[in-house]
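Let's take a walk through this structure together, moving from a pair of loop residues to the overall build and then into the packing. Please have the viewer ready so you can follow each stop.

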Amino acid sequence: MLELGDLGLLNRDAPQALSWWTNAWEAGDDLAAYRLADLHQVLGDTEKASLHFRRAVEAGVPGAANDYAMFLIGQGDDDAGHRQLLRAAEEGDAAAMYNLAYLAAERGDLTENERWSRASAEAGHPGGAFSLGLLAYEGDDLEAAETWYRKAAGAQHSDAMFNLGNLLRERGDLDGAEYWYGRAAAAGVAEAAENLVLLRRTR
């Protein structure tokens, strides 16, 4: 039933997805509640989205707590969303850690940004590693910036690939810059493709 719902969504048939996921959830599939929450959110039914998010969180579905927190923040309930993120982060959710870092950066709180970026990076989130690279670069610690960019780029973070290309070009490693510009361009970063063409012309 869950897979039939997935197939319905793949075919852009929202009623089919809702029907099968509802059947799956009623049959005891907790992951179906998570799917229903996401779909109701897309369809604009925030009441049902909230209901199913809570059910998925209570069932311990991976990722549900983080997404529910961001849903709450999107609905303007920042305090509840932040508390939910903290709970998820304390339980080891790397995405929640990264979102805490992102929200701290938006507030201009560099201490919290670095704290949660580091926590998320150590938990394996490439966005956290990329954020640490940005912080290191802004602090003129180019070696640390390169280390973190490489870690994120190795996890397929396209912006990290691009920034690593820029950093290596600045440091005179044109072969390395060309390689990472190529990787970033292949990942869809348009500016990386432009920089790659310019680099090859100047060489």
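Our starting point is Asp-140, which is exposed because its relative accessible area is 66%, above the 50% mark used for that label. Please keep in mind along the way that this is a predicted model. Asp-140 sits in the loop between α9 and α10. Its backbone deserves a look too: the phi of Asp-140 is positive, near 65°, in a residue other than glycine. Most residues other than glycine have a negative phi. A second loop residue invites the same kind of inspection. Arg-12 also is not a glycine and has a positive phi of about 60°. You will find Arg-12 in the loop between α1 (2–10) and α2 (14–26), and with a relative accessible area of 79% it is exposed.

Now step back for the whole picture. How many helices and strands does the protein have? There are 13 helices and zero strands, so if you trace the chain in order you read α-α-α-α-α-α-α-α-α-α-α-α-α. Along the principal axes, the C-alpha atoms fill a box of roughly 60 × 40 × 25 Å. The protein has 203 residues, and buried ones make up 40% of them. For the contacts between residues at least 6 apart in sequence, 34% join residues at least 24 apart.

Let's return to α9, the helix that Asp-140 follows. Helix α9 has 13 residues, and at 1.5 Å a residue these should span 18 Å. The C-alpha atoms at the two ends of α9 are 18 Å apart, which agrees with that expectation. Which residues of α9 are buried? They are Gly-127, Gly-128, Ala-129, Phe-130, Ser-131, Leu-132, Gly-133 and Ala-136. These buried residues pack against four helices that you can highlight in turn: α7 (94–107), α8 (110–122), α10 (142–154) and α11.

One of those partners can be described in more detail. Helix α9 (residues 126–138) and helix α11 (residues 158–170) have axes that come within 10 Å and cross at roughly 30°. Angles under 35 degrees count as roughly parallel, and therefore α9 is roughly parallel to α11. The crossing of α9 past α11 is left-handed. On the α9 side, the contact involves Phe-130, Leu-134 and Tyr-137, while α11 brings Asp-159, Ala-160, Asn-163, Leu-167 and Glu-170. Sorted by class, this contact of α9 with α11 holds five nonpolar residues, one polar residue and two charged residues.

The pair α7 and α8 makes a good second example. Their axes are 8 Å apart, and the two helices pack at an angle of about 160°. Because angles over 145 degrees count as roughly antiparallel, α7 and α8 are described as roughly antiparallel to each other. Here too α7 passes α8 in a left-handed crossing. From α7 come Ala-94, Met-97, Tyr-98, Leu-100, Ala-101, Ala-104, Ala-105 and Arg-107, and they meet Glu-112, Asn-113, Trp-116, Ser-117, Ala-119 and Ser-120 in α8. The class count for the contact of α7 with α8 is nine nonpolar, three polar and two charged residues.

Let's finish with three single residues inside helices. Is His-52 buried or exposed? His-52, in helix α4 (residues 46–58), has 8% relative accessibility and so counts as buried, the cut-off being under 20%. Leaving aside residues up to four places away in sequence, His-52 touches Trp-25, Ala-33, Leu-36, Ala-37 and His-40.

Asn-195 belongs to helix α13 (residues 190–202). Its relative accessibility is 11%, and therefore Asn-195 counts as buried. With the same sequence neighbours left out, up to four places away, Asn-195 touches Phe-162, Asn-166, Arg-169 and Tyr-181.

Our last stop is Arg-83, found in helix α6 (residues 78–90). Arg-83 has a relative accessible area of 49%, and for that reason it is partly exposed. The C-alpha atoms of Arg-83 and Ala-69 are separated by 7.9 Å, with the two residues 14 apart along the chain.

Definitions and conventions:
Residues are numbered from 1 along each chain as its sequence is written. This is a predicted model: local features need pLDDT of at least 70, side-chain atom pairs count only at pLDDT 80 or more; totals for chains, interfaces and linings use all residues. Side-chain values use heavy atoms; hydrogens and water are left out. Buried means under 20% relative accessible area, exposed over 50%, partly exposed in between (1.4 Å probe, protein chains only). Contact means heavy atoms within 4.5 Å. Axes are lines fitted to C-alpha atoms, for helices over the stretch in contact, and angles run from 0 to 180 degrees between N-to-C directions. Angles under 35 degrees count as roughly parallel, over 145 as roughly antiparallel, 65 to 115 as roughly perpendicular and the rest as oblique. A crossing is left-handed if the near helix is turned anticlockwise from the far one by less than a right angle, and right-handed if clockwise. Ala, Val, Leu, Ile, Met, Phe, Trp, Tyr, Cys and Pro count as nonpolar, Asp, Glu, Lys and Arg as charged, and the others, Gly among them, as polar. The expected span of a helix is 1.5 Å times one less than its number of residues.
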